[in-house]
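Visitor: I am new to this structure and would like a close look at one part of it, a place where strands pair. Please start there and then go on to what else can be described.

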Amino acid sequence: MTPETILDAETKTLWLDMFRKLVRIRHFERSAFELYTAGKLPGFMHISIGQEATAVGACSALRPDDYMTSTHRGHGDTIAKGVSVEGAMAELFGRVTGVCRAKGGSMHIADFSQNVLGANGIVAAGAPIAVGAGLSAKKRGTDQVVLCFFGDGALASGPIHESMNCAALWKLPVIFLRQNNQYAESTPRTDYQGIPDVVEWAKGYGISAVRVDGNDVLAVYRAVKEAAARARRGEGPSFIESETYRWYGHNIGDPGTWRPKEEIQAWKAKDPIPRFRKVILENGAATDADLDAIEAEEEARLQAAIEAAEAAPKPKPGTALEDVYVDPDLGAQAIQGVRP
Amino acid sequence: MRKEVTMPRMGQSMDEGRVLRWFKEVGAEVKRGEAIAEIETDKAVVEVEAFVTGTLVEIVVAEGELVPIGTVIAFIDDGRPEPEPTPALSTTAPPEPSESPAPSAAAGQEVRAPRGERINVSPVARRLAEEHGIDLAQVKGTGPGGRIGKADVEAYLAQRESVPTTPEAEGVKRVPLSKIRQTTAHRMTESKATAPHFYVSIDIEMSRALALRDSLKARGQEVSINDLILKATTLALAGYPNLNATFAGDELHLYPHINLAVAVALDEGLITPVIHNCESLSLAELAAAAKEVIERARMGRLRPEDLDGGTFTVSNLGAFGVKHFEAILNPPQAAILAVGTVRRVPAFDAHDRVIPAQLLTATVSADHRVTDGAEVARFLQKLKDILEDGFGLTAAP
Amino acid sequence: MTTREIMYREAIRDAQREEMLRDPTVFLIGEDLRDPWGGTYKATQNLSTEFGNERVLNTPICEETIIGASLGAALTGLRPVAELMYFDFVMRSMDAVVNQVAKVRYMSGGQVKVPLVIRTQGGGGRSSAAQHGNSLEAWICHVPGLFVAMPSTPYDAKGLLKTAIRMDDPVFFIEHKLLYMTKGPVPDEEYTIPFGVADVKRKGDDVTIVATSRMVLFALEAAAELEKEGISAEVIDPRTLVPLDEATILESVHKTNRLVVVNEGVERCGWAAEVAALVQKKGFGDLDAPIERVCTRNVPLPFQPDLENYVLPSVADIVRAAKYTLGKVE
């Protein structure tokens, strides 16, 4: 592509929106990291810095009414699909304004208004849920698709296999997207995966499968767009192997320094954000100033989100007994023995 | 398997019953529901039915004996094998209280009574007792392990309500119980509630014993009638170890020494100091030991060992002119001797001529779990022989 | 009201059929549900013929995905009724049941409803051995976020299942393999039964017997035996274990002062212990005897019938336990 390439307005808007989301997620996770290490956030946390292009590229290829399931490393995925940084940040702080009312935390961010069916603390557990959502879309006769994110380590786990078999069998509109960040916690793929090429493996289920550069937001976008179109046509599930890298360790507290320094440096050199900035500039979709402005806006928005979250009230302890059941009377009877 | 037949409770107010007649002899086959004995309650004469089919293998309570309800009166063998020790995994089957200490019965039901004694009582029974202001120490438990159940409290209530209530007269004086009275109240209640008492009396002609006392006095040796009774009791007990004993669950404890407890009435209550190793004491030594311990009791200077280790108790109300009385067992002892006054009465000699006699009535209360009527009767016969003969009372031990 | 005698499995089938007719979002999902097979215990017989294979969805053998997919469908507008063929197989889906179905509403701060029924059947008595006869209701009751139903009669089974399918919370619905062929009266008219309301199956004054599922039938037999000896037993079927109708149990114990809890799960850490704990806490002052439990012994279920009968609760066990609370054990 050359700078003279004339982009249509729709593409321009899409690219700038993707850029904005990449920056938004990066800011969010850097801040989360800092706040966590400053002792302001409870629990534990998995950071996906370095993997933003996969989350943003994939989710940008979906319609708002499409579904998405994510993993324990789900900040990027859920924000990319539409969860607000305000709701997510307040959730990390454990405040009543959190998207899950402080009941879920980092690993369980869910926003059903955005058809985010949930991040998930259990590896591979999102896949059966994605199959069910796909089954539901098919039964209800909509053309919604379901994007099922999972990590490279989940490939070794049973539910992925059950789910891919069922999705292929029932020709469900499910996109299985493996975020291959090279390590299952600390285990490299050579230690948990017998077949060298998972694309071939996925094809064994009768599923269309491709590999993409997971740090190239447009490559991911195109692959998911194509898979979604096929799904909407009733042609069943797809599998996408998205090769990427997490800059940090498994969770905050693990510096990740057990990996070769050169490897980390090599992947940092492939940082998806400057890479996409370059593409935008080369294609004349925006100027440096435009992009700087976006970064500044996102930074300001996040700062406000952090301040709001910190200022928001903590939940009253008694609210721990809420949100278990829909039925208030039976719920109270189940939890406290008697009806109110 | 041996099954107990107990003195049934035939009414709310019934505490004890007398076996009037056994319809079956030991060895007889009995059928469930068949009448095996006739008992007399406070209100009527009723039949006791066998509740299992089998063989009547033992009669525990003889005809004529009066025993508290719940007392085992006989055993029937139902022909089934005795159960094997419960395997570790048989937790589903509830334990049977008659064969092994029932874990269910023992579990958590004991509560601390205000006095600091543990009372085995069910929660609902305790609640009822509290609601009606009943002292649980007064209620006899008939459940497993003697647990007081709701029915026991209800029975107690019914009984209490059937007694005319004390008029709430003005000027009732409330006197706190002395320590001794508290102990007596508790120990006597426990004794009556747990040990099946029975009573056997005999008249003893005391002329020779009194003559012996007088002649010893003439020689400067102070010996009381009570000392003679203590000595005679020691000698008689030597031949009847079951009366110098304690009931201990599935066995009897027979004591090697005869340690006589002597009931002493004090202003603040009854106390029973002990004279140890009576079998090794001469009459004079025994008299001296008795005098010493009774003195210490009256002075309030009893030593801990003076109250420990009694194996048999003698209670003498003769000084008050009492003719005859029955004592409550002094736990854990199996028997107690109650003697009244020596009274001058007309009697017949061998030629049917009226002559003066000096009679003393001696009554033994005994624990039916340890001994029975015939044995106590033989013991009393022996006591009578010793005292009426007089010979041997002064012999060296 | 006209009634007819039907089998328990027909009651289950009819409840599903009526709810499928009533609500097009209801569908069945599980292994071997379709005709002509019609379910391993025939609880879905004729339904695929009537509603088609889309609404009676046969799945591969993949319990975790059956439940996880049911959850995905429940979160996106449908009302799945999932069947897990044996309670023993529920372990294969435990992550989906415990970590996903039960908790998604809570973890999301109450954003979603989970209108999902998981049906399964457990219990021994048929020489099914250790991997096809488990009674694991205690495991399920232990999980916050689920309601648990365990009916003993065709009437209760139908009424409770219809209620369960209409509920917006996940329900774990436990049937018993030896109840499917039992018969009982069921009205022709439509009815539902609320959760959390026990049914007193027999009135009595001397001892309360709380029993679940097939053990209710055992308890009623035991009560008839006890009556011959002049002992009047009250038999309570809680029908739903979560929520539990504590009031009915406590009122009964207030009257009888004695309690026997009968449950086919193994005794240790079992459901009976939960009821015992409840009554000792809230009904302590009503007890006249220690609470008795009659449960399966703490061993795996053996294959051979005599061995199996030895470890499962029996009518005689219940009679003995009841008499024990009355101090009347021979």
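Guide: In chain B of this predicted model, β6(B) and strand β8 (residues 72-77) run antiparallel and are joined by four bridges. One residue pair can be picked out here: B:Ile59 has B:Ala74 in β8(B) as its bridge partner. β6(B), residues 54-59, also pairs with strand β3 (residues 29-30) of chain B, again in the antiparallel sense, over two bridges. In that pairing, B:Val30 has B:Gly54 of β6(B) as its bridge partner. Strands of a sheet pair through backbone hydrogen bonds, and the pairing can be parallel or antiparallel.

Chain A offers the parallel case. Five of its strands make an open sheet with parallel pairing, in the order β1-β2-β3-β7-β6. At the edges are β1 (67-69) and β6 (208-213) of chain A, each of which pairs on one side only. On average, neighbouring strands of this sheet are turned by 20° against each other, direction ignored. β6(A) is joined to strand β7 (residues 238-243) of chain A by six bridges, and the two run parallel. Within that pairing, A:Ile240 in β7(A) is the bridge partner of A:Val210.

Helices lie across these strands. α8(A) lies across β2, β3, β6 and β7 of chain A and runs at about 175° to β7(A). This helix covers residues 217-232, 16 residues in number, and spans 22 Å from its first C-alpha to its last, close to the 22 Å expected at 1.5 Å a residue. Its buried residues are A:Val217, A:Val220, A:Tyr221, A:Ala223, A:Val224, A:Ala227, A:Ala228 and A:Ala231. After α8(A) comes A:Gly234, which has a positive phi, near 85°.

A second helix, α5(A), lies across β1, β2 (146-151) and β3 (174-180) of chain A, at about 170° to β2(A). α5(A) also takes part in the meeting of two chains, where 40 residues of chain A are in contact with 42 residues of chain C. On the chain A side, the elements that give two or more residues are α5 (126-140), α6 (158-169) and α12 (328-336). Of these, α5(A) gives the most, with ten residues. By class, this side of chain A has 22 nonpolar, ten polar and eight charged residues.

Across that contact is chain C, which has twelve helices and 14 strands. Of its 330 residues, 65% are buried. Among contacts in chain C with a separation of 6 or more, 79% are between residues 24 or more positions apart.

Two helices of chain C can be followed as a pair. Helix α3 (residues 63-74) and helix α4 (residues 94-101) of chain C pack with their axes 7 Å apart, at an angle of about 30°. α3(C) and α4(C) are therefore roughly parallel to each other. From α3(C), the residues C:Glu64, C:Ile67, C:Gly68 and C:Leu71 meet C:Asp95, C:Ala96, C:Val97, C:Gln100 and C:Val101 of α4(C). The residues of this contact divide into five nonpolar, two polar and two charged.

One residue of chain C closes the tour. C:Lys255 is part of helix α9 (residues 246-256) of chain C. C:Lys255 counts as partly exposed because it has 15 C-beta neighbours inside 10 Å. Its C-alpha atom is separated by 8.7 Å from that of C:Thr208, 47 residues apart along the chain.

Terms used: Residues numbered from 1 in each chain as written. Chains lettered and ligands numbered in written order. Predicted model: local features only at pLDDT ≥ 70, side-chain atom pairs only at ≥ 80, totals over all residues. Contact = placed C-beta atoms within 7 Å. Nonpolar A, V, L, I, M, F, W, Y, C, P; charged D, E, K, R; others polar. Axes fitted to C-alpha atoms, helices over the stretch in contact; angles between N-to-C directions. Parallel < 35°, antiparallel > 145°, perpendicular 65-115°, else oblique. Expected span 1.5 Å × (residues − 1). Buried ≥ 20, exposed ≤ 12 C-beta atoms within 10 Å, placed from the backbone. Pairing = 2+ DSSP bridges.
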